[in-house]
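Subject: Handover of a structure

Dear colleague,

Please find below the structure that I am handing over to you. My notes on it follow directly after.

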Amino acid sequence: MQDARPSALRSSAPDSGSTLRLEVIPYSPSLAAELRATWSSVAALAPAASAFTSTEWMIAWLGVYGPSLAPKLLVWRAPEGTPKAVCLLGQRSVAIGIFRASALFLNASGEQQVASEHNCVLCAE
């Protein structure tokens with residue numbers, strides 16, 4: 001199990017000096033409630049939002065695939081705690097020839113069970 005303590009990321013805005021804090025929320029049956037509140041606030045301010053990154057889509061996706069894929073909810077927060085970006089991150093072991101490797105899947109993109117490729121990190125402006 002990976003450490004779920006927050007880490008800090010530097011904002012991509014030049015000269016902003018702001019630091020975003022990454023919060024990693026492990027999967028649990030109650031993750032949908034946390035996702036709804038956080039995802040909605042980011043989606044409302046995200047110009048790149050699509051049907052596939054809408055709160056409704058992600059809640060439905062989590063209801064179908066959450067128990068088997070157990071994704072983590074990643075939330076990047078501004079210093080005052082406002083969510084600025086969100087995504088779901090899945091992880092599983094994959095075979096590469098005779099080797100095993102850990103693979104990460106952003107909102108399940110590339111995950112063979114799901115085969116969804118219309119996902120991104122959802123970012124507020």
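Is A60 buried, partly exposed or exposed? With a relative accessible area of 45%, A60 falls between the cut-offs of 20% and 50%, and is therefore partly exposed. This residue belongs to helix α2, which covers residues 55-69. Its C-alpha lies 9.1 Å from that of A32, although 28 residues separate A60 and A32 in sequence.

Please note that the model is a predicted one. The mean pLDDT of the chain is 80, and 76% of the residues reach at least 70. Among the elements, the highest mean, 95, belongs to strand β3 (residues 72-77), and the lowest, 43, to strand β1 (residues 7-10). The pLDDT stays below 50 over residues 1-15, a stretch that nevertheless has 18 contacts in the model beyond near neighbours in sequence. Where pLDDT is low, predicted coordinates should not be read in detail.

Overall fold

The chain has 2 helices and 6 strands, and from the N terminus its elements follow the order β-β-α-α-β-β-β-β. Of its 125 residues, 36% count as buried. Among contacts with a separation of 6 or more, 52% join residues that are 24 or more positions apart. The accessible surface of the chain is about 7,300 Å², and carbon and sulfur atoms account for 59% of that area.

Nonpolar cores

The largest nonpolar core contains 17 residues, and L35, W39, L62, L73, V86, L88 and L122 have the most contacts inside it. Two or more residues come from each of α1 (31-43), α2, β3 and β4 (83-96). The largest contribution is that of α2, with 5 residues. A separate core of 8 residues includes L20, L22, V24 and A78. In soluble globular proteins, nonpolar side chains tend to be buried together.

Salt bridges

The count of salt bridges is 2. In one of them R77 pairs with E23, with the closest N and O atoms 2.6 Å apart. This pair links distant parts of the chain, since R77 is in strand β3 and E23 in strand β2 (residues 19-25), 54 residues apart. R77 also forms a salt bridge with E34, where the closest N and O atoms are 3.8 Å apart. Because R77 lies in strand β3 and E34 in helix α1, this pair ties together parts that are 43 residues apart in sequence. E23, E34 and R77 are thus linked in a network of salt bridges. R77 is buried, at 12% relative accessible area, whereas E23 is partly exposed at 21% and E34 is partly exposed at 30%.

Cysteines and K72

How many disulfides are there? The count is 0. For C87, the nearest cysteine sulfur is that of C123, 8.9 Å away; the cut-off for a disulfide is 2.5 Å, so this pair does not qualify. C87 is buried, with a relative accessibility of 2%, while C123 is partly exposed at 40%.

C87 is also one of the residues touched by K72. K72 is found in strand β3, and with a relative accessible area of 18% K72 is under the 20% cut-off and so counts as buried. Beyond residues up to four places away in sequence, its contacts are V24, I25, P26, C87, L88, L89 and Q91.

With kind regards

Methods:
Residues are numbered from 1 along each chain as its sequence is written. Side-chain values use heavy atoms; hydrogens and water are left out. Helices (H or I, at least four residues) and strands (E, at least two) are DSSP runs, numbered from the N terminus. Buried means under 20% relative accessible area, exposed over 50%, partly exposed in between (1.4 Å probe, protein chains only). pLDDT is the predictor's confidence in each residue, from 0 to 100. Contact means heavy atoms within 4.5 Å. A nonpolar core is a set of buried Ala, Val, Leu, Ile, Met, Phe, Trp, Tyr and Cys residues joined through side-chain atoms within 4.5 Å. Accessible areas come from the Shrake-Rupley method with a 1.4 Å probe; for residues, only the protein chains shown count as cover. A salt bridge is a side-chain nitrogen of Lys or Arg within 4 Å of a carboxyl oxygen of Asp or Glu.
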